[in-house]
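Open the model in a viewer and keep the selection tool at hand. The stops below say what to select next and what is there.

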Amino acid sequence: WISYKFGFTGPSLNIQTACSTGLVLIATACQHLLDYSCDMALAVTATVFTPRGWGYVSESGGILSPDGHCRPFDATAGGTLPGEGAGAVVLKRLGDALADGDRIEAIIRGYGISNDGIHRAGFSAPSAEGQAIAIRTAHIMAGITSQEVGYVETHGTGTYLGDPIEIAGLSKVFGERDIPCILGSVKGNIGHLGSAAGMASLLKTILILNHGYIPPTINFRKLNPAINLDIRRFRIAAQG
């Protein structure tokens, strides 16, 4: 529909991979740029509720918060909550952007996509190894080591079991460090945006890079005891 309205040609795809949609479509756009299927790509994703005000039902063991608050990595984490949002990025090969004098907000040096199939913790919950594969792939493509990564914007849904899986996945990739890598999650601020969640995380990370400031993770007070967090490797962004 966007391509039709704006007259865009080249690859035009609808992508739906649940929570990872925003980042998968960006990775797909990057791949099309690298293989010269296009010279510029517009990646757009949105989550909008209609009608609004319908609320939700929280169930024990489910992913939805019983009190309407998302608390990433916190001991009182009980789940996430739905949120609305939209985001878009325009992508070009770096050489072309420099030649055209474009304003460059950030450079994507690498990306990784994985699927752990039946080995995941559940249909809607990934395995730690599956996440680790995606992270390793991105590092290899970018030509960096985990020691060079200073911040990770996590999925951080604030679910009691999901957050520990994510930290376990990171722990499989990140080795010993002189300074801990800082972890954060925007879901405490705006909730889980569904297919737009990854886009929101990317835009937050770009703002962090541009402003040189890592905001504290809202609603985080005390670490979830189910999380095995090596303080020599990781630290939750709890203070600005």
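## First stop: a pocket

The second largest pocket has a volume of about 840 Å³. The model is a predicted one. To find the pocket, select S12, L13, L42, A43 and V44, which lie nearest its centre among the 29 residues of the lining. Next, colour α1 (2-6), α2 and β1, the elements that each give two or more residues to this lining. Which of the elements gives the most to the lining of the second largest pocket? That is β1, with 6 residues. Coloured by class, the lining of the second largest pocket shows 16 nonpolar, 12 polar and 1 charged residues.

## Second stop: helix α2

Select residues 21-34, which make up helix α2. Put a distance label between the C-alpha atoms at the two ends: they are 20 Å apart. The 14 residues, at 1.5 Å a residue, should span 20 Å, so the distance agrees with what is expected of the helix.

Is α2 mostly covered or mostly open? It is mostly covered, with 10 of its 14 residues buried. Select T21, G22, V24, L25, I26, A27, T28, A29, C30 and L33 to see the buried residues of α2. Then show what they pack against: β1 (41-47), β2 (85-91) and α7 (197-211). Before leaving, step just past the end of α2 to Y36, where phi is positive, at about 60 degrees.

## Third stop: H139 in helix α4

Now select residues 128-142, helix α4, and pick out H139 within it. Is H139 buried or exposed? H139 counts as buried because its relative accessibility is 12%, and the cut-off for buried is under 20%. Show the residues in contact with H139, leaving aside its neighbours within four places in sequence: I144, T145, S146, V149, V173 and F174. Keep F174 selected, as it comes up again in the last stop.

## Fourth stop: helix α5

Select residues 162-171 for helix α5, which is mostly covered, with 8 of its 10 residues buried. The buried residues of α5 are D163, P164, I165, E166, I167, G169, L170 and S171. Add α4, β3 (151-153), β4 (181-184) and β5 (234-236) to the view; these are included in what covers the buried residues of α5.

## Last stop: aromatic pairs

How many aromatic pairs does a search of the whole structure find? It finds 3. For one of them, select F6 and F8: their ring centres are 5.5 Å apart and their planes are at 15 degrees, so the pair is stacked. F6 counts as exposed because its relative accessibility is 60%, whereas F8, at 41% relative accessibility, counts as partly exposed.

Then return to F174 and add F234, which together form a tilted aromatic pair, 5.5 Å centre to centre with 55 degrees between the planes. This pair links distant parts of the chain: F174 is in the loop between α5 and β4, F234 is in strand β5, and 60 residues separate them. F174 is buried, with a relative accessible area of 1%. F234 is buried too, and its relative accessible area is 1%. To end the tour, show F174 together with H139, with which it is in contact.

Technical notes. Residues are numbered from 1 along each chain as its sequence is written. This is a predicted model: local features need pLDDT of at least 70, side-chain atom pairs count only at pLDDT 80 or more; totals for chains, interfaces and linings use all residues. Side-chain values use heavy atoms; hydrogens and water are left out. Helices (H or I, at least four residues) and strands (E, at least two) are DSSP runs, numbered from the N terminus. The expected span of a helix is 1.5 Å times one less than its number of residues. Buried means under 20% relative accessible area, exposed over 50%, partly exposed in between (1.4 Å probe, protein chains only). Contact means heavy atoms within 4.5 Å. Rings of Phe, Tyr and Trp (its six-membered ring) pair if their centres lie within 6.5 Å; planes under 30 degrees apart count as stacked, over 60 as edge-to-face and the rest as tilted. On a 1 Å grid over the protein atoms alone, a cavity is a set of points where a 1.4 Å probe fits but cannot get out, and a pocket is an open set with protein on both sides within 12 Å along at least five of seven lines; lining residues have an atom within 4 Å of a point. Grid points are joined across faces, edges and corners, and a volume is the space filled by probe spheres set on the points. Ala, Val, Leu, Ile, Met, Phe, Trp, Tyr, Cys and Pro count as nonpolar, Asp, Glu, Lys and Arg as charged, and the others, Gly among them, as polar.
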